[in-house]
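Student: I should like a close look at a single part of this model. Please take one helix, describe its surroundings, and then place the description in the context of the whole chain.

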Amino acid sequence: TRNKATYILVSVFDLTEQHKLAQLRSDFIANASHELKTPLTALIGCLETLEEIADEKNEIQTKFLNMGLEQANRMQGLVLDLLSLNQVEMQEHRPPATIINLTEIIHDVVSSLLKRSEQACITIVDRLPASLPVVGDQRQMNQVFVNLIENAIKYGREGGQVVVSVSEEPAPRSGMVGVAVEDNGIGIARMDVPRLTERFYRVSHGKSGTGLGLAIVKHIISRHRGHLTIGSQPGQGSVFTVWLPTGSTSEKYV
């Protein structure tokens, strides 16, 4: 038989312009957010002072002060989330290399959210082992689980539970461990699930929020070379599972 010629097709794309545009967008968001942060802080301070000295008997005055303070705080939350998202995107190409105990981080998150869960009449159940070593950034992992557990409380059912546990599902790839945050709340429609991590996308349940929390979670997990899975059914609750590379227990925690 005759030898057949082998051909290799090599495609070269110049992405310089795309990278420049992405950097311009990132710089604009960072600069605009920083410029908004300072006057917003001053505005909130003024409104809080006025609220303290306002005439409580004047219902109209109290109503508009509360409304102004609520909207100023909402805008401040949006600015802080934009700054956070921008920072995470800038770090995304530099994965963390330290070993952390994820259990301790989640314990701290649960403790910080106990008051909020009690106000919502929801119990947080922690089923994590004493030690769960993963490769990660401690501050960013705190941010991930604050977002996920806060959402579980917000969309949970009154009198229900939010359960945090090691996932029993098969890992997306070897060398990973999953931590699941599960609620028994209102759930999410199937058509909404694929879009949950998009910026500013919010499921219409009448709940407040910036629409950036899960986008931040997605980019942090991407930086960690991890994976986020979402399972939900309307009326039956949701499960958000964070998969991360495991760390060796022989290495020192940071």
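Tutor: The account below begins with helix α6 and then turns to the rest of the protein.

The model is a predicted one, and the description should be read accordingly. Helix α6 covers residues 213-223, and 9 of its 11 residues are buried, so the helix is largely enclosed by the rest of the structure. Burial here means a relative accessible area under 20%. The residues of α6 that meet this criterion are Gly213, Leu214, Ala215, Ile216, Val217, His219, Ile220, Ile221 and Arg223. The list includes Leu214, Ile216 and Val217, and also His219 and Arg223. In general, an α-helix has 3.6 residues a turn, so residues three or four places apart point the same way.

What do the buried residues of α6 pack against? Their partners are two helices, α2 (59-91) and α5 (138-154), and two strands, β6 (227-233) and β7 (237-245). After α6 comes arginine 225, which has a positive phi, near 60 degrees.

A second buried site lies in another helix. Serine 117 belongs to α4, which spans residues 114-119. This serine is classed as buried because its relative accessible area is 1%, under the 20% limit. Leaving aside residues up to four places away in sequence, serine 117 is in contact with Ile122, Ile124 and Ile153.

The segment before α1 (16-53) offers a contrasting case, and isoleucine 8 is located there. With a relative accessible area of 75%, isoleucine 8 is exposed. Together with Val10 and Val12, Ile8 forms a nonpolar patch on the surface, and the accessible area of these residues together is about 390 Å².

One further local arrangement concerns a charge and a ring. Lysine 63 lies over the face of phenylalanine 64, at 5.8 Å from the ring centre. As for pairs of aromatic rings, a search of the whole structure finds 0.

These parts belong to a protein with 6 helices and 7 strands. Read from the N terminus, the order of elements is α-α-β-α-α-β-β-α-β-β-α-β-β. Of the 254 residues in the protein, 39% are buried. The accessible surface comes to about 15,900 Å², and carbon and sulfur atoms account for 54% of this area. Among contacts between residues at least 6 apart in sequence, 76% join residues at least 24 apart.

Key. Residues numbered from 1 in each chain as written. Predicted model: local features only at pLDDT ≥ 70, side-chain atom pairs only at ≥ 80, totals over all residues. Heavy atoms only, no water. Patch = residues over 30% accessible without salt bridge, like charges linked within 9 Å, V, L, I, M, F, W, Y side chains within 5 Å. Areas by Shrake-Rupley, 256 points an atom, 1.4 Å probe, with all protein chains shown as cover. Salt bridge = Lys/Arg side-chain N within 4 Å of Asp/Glu carboxyl O. Helix = DSSP H or I, 4+ residues; strand = E, 2+ residues; numbered from the N terminus. Buried < 20%, exposed > 50% of the residue type's maximum accessible area, 1.4 Å probe, protein only. Contact = heavy atoms within 4.5 Å. Phe/Tyr/Trp six-rings, centres within 6.5 Å; stacked < 30°, edge-to-face > 60°. Lys NZ or Arg CZ within 6 Å of the ring centre and 35° of its normal.
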